[in-house]
Amino acid sequence: MTALDQYERLESDGLWREKTGAQRRDVLVSFGHATLVISDSADRPLTHWSLPAVTRLNEGERPALFSPAPDAEETLEIADDTMIDAIETVRRGLLNARSTSGRLRFAISASFAALVVGLAVFWFPNALREQTLAVVPQSKRAEMGAIILGHLQSTLGQRCTSPRGQDALGAMSNRLFGPSAQAQIVVLPDGLEEAVALPGNIIVLDKSRVESAKEPESVAGYALAAFLDAEEKDALGPIIDQAGLRPTLQLLTTGDLPPESLEAYAISLTNSPQLIELRASILEGFQSQNVDITPLFADLESRGRLVPNQTNEADNQPVISDSQWIALNGICDA
């Protein structure tokens, strides 16, 4: 039983004044549903007061003087001790219930806010990333890849451009990726550990990877592994991951990353080694492209890298001709 249930049949006499200066009237005071009902002698309700809002104007005094609100002119004087105690008890009980309800609402609101923040922190960035990767067109990717390549060249030196060597790279690209990929392989003079794939299907190799290779399949292996990795993970992904939330949102809404984000990514490529990940899907890609992975493994092992203890079953079809391989070896000599 609640306090209100306990007093729902309680009634008493009282003196009610509608406003300041008005004559006081004899009234009947009774409990309603969370209200104090004030009726005339004919039992016609004159007004209803909200019990939680009722204010005691003369704490500790008898008769008790109540008001429907702290700033209201209306007053009610009650001399019946039982009614006075009942009003105080029920009013406090309703106030506490509202306070608890308010705390519950606050807790629910706080939980909802925490959920929103959690979504913003954990879900929204990932959703934004995936949406951005899904909508950025190939033309914009190629543009960003070219800008990053330009920054790399300003730091590492201009790309090697021997005409015959360029023809050999074109032939290798067609063999590995097919003409529909519109991919290009670029050799820079210095500064990259293994191979890097940029947006727009730009594969960047270091000169040393070409000159130290014993056979073209080794060079092709670096290029193909980088291409397959980017195809699976998306070469734009690491760029927007490094750029952060606001630049990614800018890319999604305006179609452009801030220039400083692209420059920062180029710098990061030269500051930290970009190592090929030889996961199962990459090895399967070599098999499907009919490229022997053994020369790549041999070159990686010669530089202290651990490689899987397995081979693929390529039919030893060369990636480029012997004359093209000779030209590729000298691509940086012009």
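Student: In E3, which residue is the bridge partner of Ser30?

Tutor: This is a predicted model. Strand E2 covers residues 25-31 and strand E3 covers residues 35-39, and the two pair in the antiparallel sense over four bridges. In that pairing, the residue of E3 that bridges to Ser30 is Val37.

Student: How many bridges pair E1 with E2?

Tutor: Strand E1 (residues 11-17) and strand E2 (residues 25-31) run antiparallel. Trp16 stands opposite Arg25 in E2, and Ser12 has Val29 as its bridge partner in E2. The number of bridges that pair E1 and E2 is six.

Student: Which are the edge strands of the open sheet of seven strands?

Tutor: The sheet is open, its pairing is antiparallel, and its order is E4-E3-E2-E1-E7-E6-E5. An edge strand here pairs on one side only. That applies to strand E4 (45-50) and strand E5 (55-56).

Student: Is Glu88 buried or exposed?

Tutor: Glu88 belongs to helix H2, residues 81-135. Not counting residues up to four places away in sequence, Glu88 touches Arg56, Glu59 and Phe66. Buried means under 20% relative accessible area. Because its relative accessible area is 7%, Glu88 is buried.

Student: What is the sense of the pairing between E8 and E10, parallel or antiparallel?

Tutor: Val186 stands opposite Val204 in E10. Five bridges join E8 to E10, and the two strands run parallel.

Student: Which residue in the turn of the hairpin of E9 and E10 has a positive phi?

Tutor: E9 and E10 pair in the antiparallel sense over four bridges, and one bridge joins Val196 to Val204 in E10. Three residues lie between the two strands of this hairpin. The residue in the turn with a positive phi, about 85 degrees, is Gly200.

Student: Why is E10 largely enclosed by the rest of the structure?

Tutor: Both faces of E10 are covered. Ile202, Val204 and Asp206 are buried on one side, and Ile203 and Leu205 are buried on the other. E10 is therefore largely enclosed, the number of its five residues that are buried being five.

Student: Which element gives the largest share of the largest nonpolar core?

Tutor: This core has 43 residues, of which Met172, Leu176, Phe177, Phe286 and Leu328 touch the most other members. Elements that give two or more residues to it include helix H4 (163-177), strand E8 (184-188), strand E10 (202-206) and helix H12 (322-329). The largest share is ten residues, and it comes from H6.

Student: Leaving aside neighbours within four places in sequence, with which residues is Leu176 in contact?

Tutor: Leu176 is one of the five core residues that touch the most other members. With neighbours within four places in sequence set aside, its contacts are Ala220, Ala223, Leu224, Gln289, Val291 and Val319.

Student: How many residues are in the other core, the one with Val136 and Tyr265 among them?

Tutor: This core lies apart from the largest nonpolar core. Among its members are Val136, Ile202, Leu251 and Tyr265. Its residue count is 23.

Student: Which element gives the most to the lining of the largest pocket?

Tutor: About 390 Å³ of space lies in this pocket. Of its 20 lining residues, Ala197, Asp229, Pro238, Gln274 and Leu275 are the closest to its centre. Strand E9 (195-198), helix H6 (216-233) and helix H9 (259-271) are the elements that give two or more residues to the lining. The most, five residues, comes from H6.

Student: How many nonpolar residues are in the lining of the largest pocket?

Tutor: The lining divides into three classes. Three of its residues are polar and five are charged. The nonpolar residues number twelve.

Student: Which element supplies the largest share of the lining of the second largest pocket?

Tutor: The second largest pocket holds about 170 Å³ of space. Its lining has 14 residues, and nearest its centre lie Arg141, Asn201, Ala230, Glu231 and Ala235. Helix H3 (138-156), E9 and H6 each supply at least two lining residues. The largest share, three residues, is that of H6.

Student: How many charged residues does the lining of the second largest pocket have?

Tutor: By class, eight residues of this lining are nonpolar and three are polar. The charged residues number three.

Technical notes: Residues are numbered from 1 along each chain as its sequence is written. This is a predicted model: local features need pLDDT of at least 70, side-chain atom pairs count only at pLDDT 80 or more; totals for chains, interfaces and linings use all residues. Side-chain values use heavy atoms; hydrogens and water are left out. On a 1 Å grid over the protein atoms alone, a cavity is a set of points where a 1.4 Å probe fits but cannot get out, and a pocket is an open set with protein on both sides within 12 Å along at least five of seven lines; lining residues have an atom within 4 Å of a point. Grid points are joined across faces, edges and corners, and a volume is the space filled by probe spheres set on the points. Ala, Val, Leu, Ile, Met, Phe, Trp, Tyr, Cys and Pro count as nonpolar, Asp, Glu, Lys and Arg as charged, and the others, Gly among them, as polar. Buried means under 20% relative accessible area, exposed over 50%, partly exposed in between (1.4 Å probe, protein chains only). Contact means heavy atoms within 4.5 Å. A nonpolar core is a set of buried Ala, Val, Leu, Ile, Met, Phe, Trp, Tyr and Cys residues joined through side-chain atoms within 4.5 Å. Two strands pair if DSSP finds at least two bridges between them.
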